[in-house]
Every structure is written in C-alpha cells, then in structure tokens.
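Reader: Hello! I am in my first year and would like a close look at a single part of this protein.

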Amino acid sequence: MQIQCSKNLIFSPLFPPSKILNRKNIKQYVNLSNSNGGSSGVLFTSFPKRRRCFSTVIASSSTNVNAPLFDTWSPDKATPSPSLSDVLWPSLGAFAGMAMLGKVDQLLAPKGLSMTIAPLGAVCAVLFITPKSPAARKYNMFMAQIGCAAIGVIAFTLLGPGWLSRGASLAASIAFMIYTKSTHPPAASLPLLFIDGAKLHGLNYWYALFPGAAGCVLLSLLQEIVYYLKENFKF
C-alpha cells in the first residue's frame, strides 16, 4: 500500500500527467498480467474530488524474470516449438528453388551468367520461414530488388570499384528502402555483388531485373506452394 499526496502535481508511471491533470474524480481498476510467467497483479488508483491524493496497491510476482541483456541470446519462449511439417516444407521449398535456378544456370553457362546468386539464398529464408513478415511482401521484395540493383549499377558507373562505391551504394540502398517503405534486407547485398562481380558488369542496367528480380519471380511462386502445404498438410 502506497499513499502519495501532492499540492501541485499528480504523477503515476501508468497514468501520464497529461491525462491526470484537470481531472477531479477518477477511479480505475486495472488487471495486470506478468508477461514472464508470474502471477497476475491488481492496480487500484483513486483520485478524490477535492484532495490531490491517490493510493496504489500492486500485487505481482514473477518466477521467471530474465535480464534484458540476456533475453536476445536465448530462443523466443513465447513461440511454440515448430512441428516437423513446419521444418520440412520450407526446407524442401528452398531446395526446389535452388535446384530450379541451378538448372537455369546450365542454360546460361555459355553466356557466363548465373541465377544462383547469394542474395537469393537470403530471399528463400525470408519467403519460406517468415512468409507473413514485412520483408516477404511482394511489393517490398520487387521494389527493393530492382531499386537496390539499379543503385549498384549507378554507383559503379560514377565511382568505379572500391570502398567509396560500396559504402555509397549501400547507404543509398538503405535510404531507398526506407523512403519507399520497401524494407527487404536481402536486396541490400545486390549493389555490393555488382560492384565486386566482374562477370555482372556486362549486364549494365539489365542487372536491375536480372538475376535478382527474375529469380524472385520463381521463388514467389514456390512460396505460395510452400505456404499452402504448411497450412494444409501438417504432421
């Protein structure tokens, strides 16, 4: 039990001053629950009509409290353990995606081109593991893939190879994704891949569509299949 009085100001962490001032009679009952697995608590706050006093009663306990520093180093306990199907279908989707892209590589080999670029591996992880995340949205993926790839070509054209073009293209890519609301982390590696990949320089601005955006078309189709299998064939 805690009682506090003030002549000039009423303040409570759960009730900001902007919501408390100029209110003469407020009573609120709030049930609190401990997100770390402890028992629930009760908060009762009363503001008399003429007296600037309030009382607070809090009852709570916790049996599983982790320091914030170590929370990020352990698995998310709020997420249930994945089933076998939740592990199998995304893995098979990634295998199928890379196998198909590898088959396309055989057709493109005489031209010295490849579809199995590293960023598409990261795209597989985003699409198949977290299909409902913002990064997996089709708008985000294609906007970022095309925009960041074009930025890489522009940076290489203006600045040539080297640390300056790498840094400038990455910074511009991040700014582009933020401005266009198309956050898709795998796309940030496309400018660096173009700047350091001599075989890709011959594509020039075609690099904005190939191989990143072209590969994402195939992976998007596979994502729909994987999502359907995860939702309808569980084991």
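Reader: Could we start with one residue and work outwards from there: is Ser165 buried or exposed?

Author: Happy to help! Ser165 is buried, because its relative accessible area is 1% and buried means under 20%, while exposed means over 50% and partly exposed lies in between (1.4 Å probe, protein chains only). Before going on, please keep in mind that this is a predicted model, in which local features need pLDDT of at least 70, side-chain atom pairs count only at pLDDT 80 or more, and totals for chains, interfaces and linings use all residues. Residues are numbered from 1 along each chain as its sequence is written, and side-chain values use heavy atoms, with hydrogens and water left out.

Now let us see where Ser165 sits. Ser165 belongs to helix α6, which covers residues 163-179. Helices (H or I, at least four residues) and strands (E, at least two) are DSSP runs, numbered from the N terminus. The protein has 8 helices and 4 strands, and their order along the sequence is β-α-β-β-β-α-α-α-α-α-α-α. Of the 235 residues in the protein, 34% are buried. Ser165 also has a partner in space: the C-alpha atoms of Ser165 and Ile195 are 7.7 Å apart, although 30 residues separate the two in sequence.

Right beside Ser165 in the numbering comes Arg166, and here we meet a charged pair. In general, side chains of opposite charge can pair when their charged atoms come close. The side chain of Arg166 forms a salt bridge with that of Asp196, at 3.0 Å from N to O; the term asks for a side-chain nitrogen of Lys or Arg within 4 Å of a carboxyl oxygen of Asp or Glu. Arg166 is in helix α6 and Asp196 is in helix α7 (residues 190-196), so this pair ties together parts that lie 30 residues apart in sequence. Arg166 is partly exposed, as its relative accessible area is 33%.

Next, look at the helix that packs against α6. Two packed helices are described by the angle between their axes and the distance between the axes. For α5 and α6, the axes come within 9 Å and cross at roughly 150 degrees. Such axes are lines fitted to C-alpha atoms, for helices over the stretch in contact, and the angles run from 0 to 180 degrees between N-to-C directions. The two helices are therefore roughly antiparallel to each other; that label is for angles over 145 degrees, while under 35 counts as roughly parallel, 65 to 115 as roughly perpendicular and the rest as oblique. The crossing of α5 past α6 is right-handed, a word used if the near helix is turned clockwise from the far one by less than a right angle, with anticlockwise giving left-handed.

These two helices also take part in a nonpolar patch on the surface. Its members are Ile154, Leu158, Leu159, Trp163, Leu164 and Tyr205, with about 700 Å² of accessible area together. Patch residues have over 30% relative accessible area and no salt bridge; nonpolar side chains (Val, Leu, Ile, Met, Phe, Trp, Tyr) are joined within 5 Å, and like charges within 9 Å. The areas come from the Shrake-Rupley method with a 1.4 Å probe, and for residues only the protein chains shown count as cover. Both α5 (138-159) and α6 supply at least two residues of the patch, and the largest share, 3 residues, comes from α5. Leu158 is in helix α5 and counts as exposed because its relative accessibility is 68%.

Helix α5 leads us on to a second charged pair. The whole structure holds 2 salt bridges, and one of them joins the side chains of Lys138 and Glu224 at 3.5 Å, N to O. This pair links distant parts of the chain, since Lys138 is in helix α5 and Glu224 in helix α8, 86 residues apart. Lys138 is partly exposed at 34% relative accessibility, and Glu224 is partly exposed at 45%.

Finally, take a look at the loop that follows α6. Lys181 lies in the loop between α6 and α7 and has a positive phi of about 55 degrees although it is not a glycine. With a relative accessible area of 67%, Lys181 is exposed. So you can begin at buried Ser165 and finish at exposed Lys181.
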